[in-house]
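Colleague: Could you take me on a close look at the largest pocket of this model, and then show me how the rest of the chain fits around that picture? I would enjoy a connected walk-through.

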Amino acid sequence: MSLVNAYCSEHTTIESELQAELRRATIDSVPMAMILGAPEVFTFGQNFIRSFGGKRVLDIGTFTGASALAWALAVPDGTGEVLTFDINLSDYKKYGVPIISKCKKTFKKIRAIEGPALENLDKLIADGQSGSFDFAFIDADKTNYSKYYDRCVTLLRKGGVIFVDNCLWDGSVCQETTRTDESSVAIHEANEKIFHDDRTYSAILNLGDGTHVAFKK
Ligand SMILES: C[S@@+](CC[C@H](N)C(=O)[O-])C[C@H]1O[C@@H](n2cnc3c(N)ncnc32)[C@H](O)[C@@H]1O
């Protein structure tokens with residue numbers, strides 16, 4: 001991380017004790033801990049959710065539950081809910097559930113849904129839930145990013161906000177010569193799609209590993 005980015009992160013990130021405990025447990029015990037979301041991205045997302053009174057959140061890619069926990073802390077008690085999707089919830093059950101469930105009112109807000117996220121988002125659309133979510137965080141398999149974005153635009157209400165995580169993919173998306181793997185190609189295609197999409201206003205921020213923020217018109 002550059003000095004500038006480290007300074008920005010230090011002056012942005014606010015983590016609760018529960019979040020710090022889950023981050024520590026993930027880093028200490030899960031071999032794939034490097035795929036954890038960046039804490040400054042969580043704080044920024046929480047700021048959005050809190051400032052516009054977001055209640056319903058889509059969290060695509062659960063892993064140990066760090067992003068789902070961040071959104072659950074930001075939505076209101078009683079009416080707030082976070083639907084988190086993962087093809088395999090074993091890391092969430094092993095690491096996330098024992099820690100997050102220490103705070104019952106936060107844990108109650110998270111509904112974890114196992115299986116291919118695309119199918120489960122399509123089920124929500126078929127169930128008539130389009131236009132009913134306030135915020136979405138896209139952070140699962142990169143090759144489906146464009147499809148996740150489309151589903152999220154449908155499921156969000158007007159004014160709803162989408163964060164697409166890892167949209168810079170360590171800089172590899174920036175040049176054709178470095179877009180050599182399928183994730184870089186897919187993320188670049190999603191970035192192009194979002195930039196040209198008339199359904200949203202958007203901007204790429206150099207926050208975390210790149211955060212593409214889209215606001216539904
Ligand atoms: C980068 S991690 C998510 C990190 C998490 N959001 C956080 O902030 O810590 C990506 C997750 O996407 C999940 N995943 C991969 N392919 C998927 C798919 N087709 N449907 C749902 N989840 C998938 C993986 O199992 C993995 O846990």
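Modeller: Let's start with the elements around the largest pocket. Helix 3 (39–51), helix 4 (66–74), strand 2 (81–86), helix 5 (90–100) and helix 7 (117–126) each supply at least two residues of its lining. Please keep in mind that this is a predicted model. The lining of the largest pocket counts 37 residues, and those nearest the pocket's centre are Ile35, Gly61, Phe63, Asp139 and Ala140. The volume of this pocket comes to about 690 Å³. If you sort the lining by class, you get 17 nonpolar, 13 polar and seven charged residues.

One of the residues nearest the centre of the largest pocket, Phe63, deserves a pause. Phe63 sits in the loop between strand 1 (56–60) and helix 4, and helix 4 is one of the elements that supply at least two lining residues. The backbone of Phe63 has a positive phi of about 55°, although Phe63 is not a glycine. Is Phe63 buried or exposed? Phe63 counts as buried because its relative accessibility is 13%, and the cut-off for buried is under 20%.

Another loop residue makes a good companion to Phe63. Asn166 lies in the loop between strand 5 (156–165) and helix 9, and its phi is near 60°, again a positive value in a residue other than glycine. Asn166 has a relative accessible area of 12%, so it is buried.

Asp141 is also a loop residue, placed between strand 4 (133–138) and helix 8 (145–155). With a relative accessible area of 34%, Asp141 is partly exposed. For a sense of scale, take Asp141 together with His11: these two are 130 residues apart in sequence, and their C-alpha atoms are 30 Å apart in space.

Now for the other spaces. The second largest pocket holds about 320 Å³. Its lining has 15 residues, and Met1, Asn5, Asn206, Gly208 and Asp209 are the ones nearest the centre. Which element gives the most to this lining? That is helix 1 (residues 3–10), with three residues. The classes here are five nonpolar, seven polar and three charged residues.

What about enclosed space? A search of the whole structure turns up one cavity of 30 Å³ or more. The largest cavity contains about 50 Å³ of space, and its lining consists of Glu15, Gln19, Leu22, Arg23, Phe42 and Ala66. Helix 2 (residues 17–29) provides the largest share of that lining, namely three residues. By class, the cavity lining divides into three nonpolar, one polar and two charged residues. Two of the elements around the largest pocket, helix 3 (39–51) and helix 4 (66–74), take in the positions of the cavity-lining residues Phe42 and Ala66.

For a view of the packing, turn to Ile194 in helix 9 (residues 182–195). Ile194 is buried, because its relative accessible area is 1%. Leaving aside residues up to four places away in sequence, Ile194 touches Tyr149, Val164, Thr200, Ser202, His212 and Ala214. For one of these partners, Val164, the C-alpha atom is separated from that of Ile194 by 9.8 Å, and the two residues are 30 apart along the chain. Helix 9 also bounds the loop that holds Asn166, which brings us back to the positive phi value mentioned earlier.

Finally, let's step back to the whole chain. How many helices and strands does the chain have? There are nine helices and seven strands. A compact globule of 217 residues would have a radius of gyration near 17 Å, and the chain agrees with that, at 16 Å. Along the principal axes, the C-alpha atoms fill a box of roughly 45 × 45 × 30 Å. Buried residues account for 51% of the 217 residues, with Ile194, Phe63 and Asn166 among them. Of the contacts between residues at least 6 apart in sequence, 70% join residues at least 24 apart. On the outside, the chain exposes about 10400 Å², and carbon and sulfur atoms supply 55% of that area.

Note on methods
Residues are numbered from 1 along each chain as its sequence is written. This is a predicted model: local features need pLDDT of at least 70, side-chain atom pairs count only at pLDDT 80 or more; totals for chains, interfaces and linings use all residues. Side-chain values use heavy atoms; hydrogens and water are left out. On a 1 Å grid over the protein atoms alone, a cavity is a set of points where a 1.4 Å probe fits but cannot get out, and a pocket is an open set with protein on both sides within 12 Å along at least five of seven lines; lining residues have an atom within 4 Å of a point. Grid points are joined across faces, edges and corners, and a volume is the space filled by probe spheres set on the points. Helices (H or I, at least four residues) and strands (E, at least two) are DSSP runs, numbered from the N terminus. Ala, Val, Leu, Ile, Met, Phe, Trp, Tyr, Cys and Pro count as nonpolar, Asp, Glu, Lys and Arg as charged, and the others, Gly among them, as polar. Buried means under 20% relative accessible area, exposed over 50%, partly exposed in between (1.4 Å probe, protein chains only). Contact means heavy atoms within 4.5 Å. The radius of gyration is taken over C-alpha atoms; the globule rule is 2.2 Å times the number of residues to the power 0.38. Accessible areas come from the Shrake-Rupley method with a 1.4 Å probe; for residues, only the protein chains shown count as cover.
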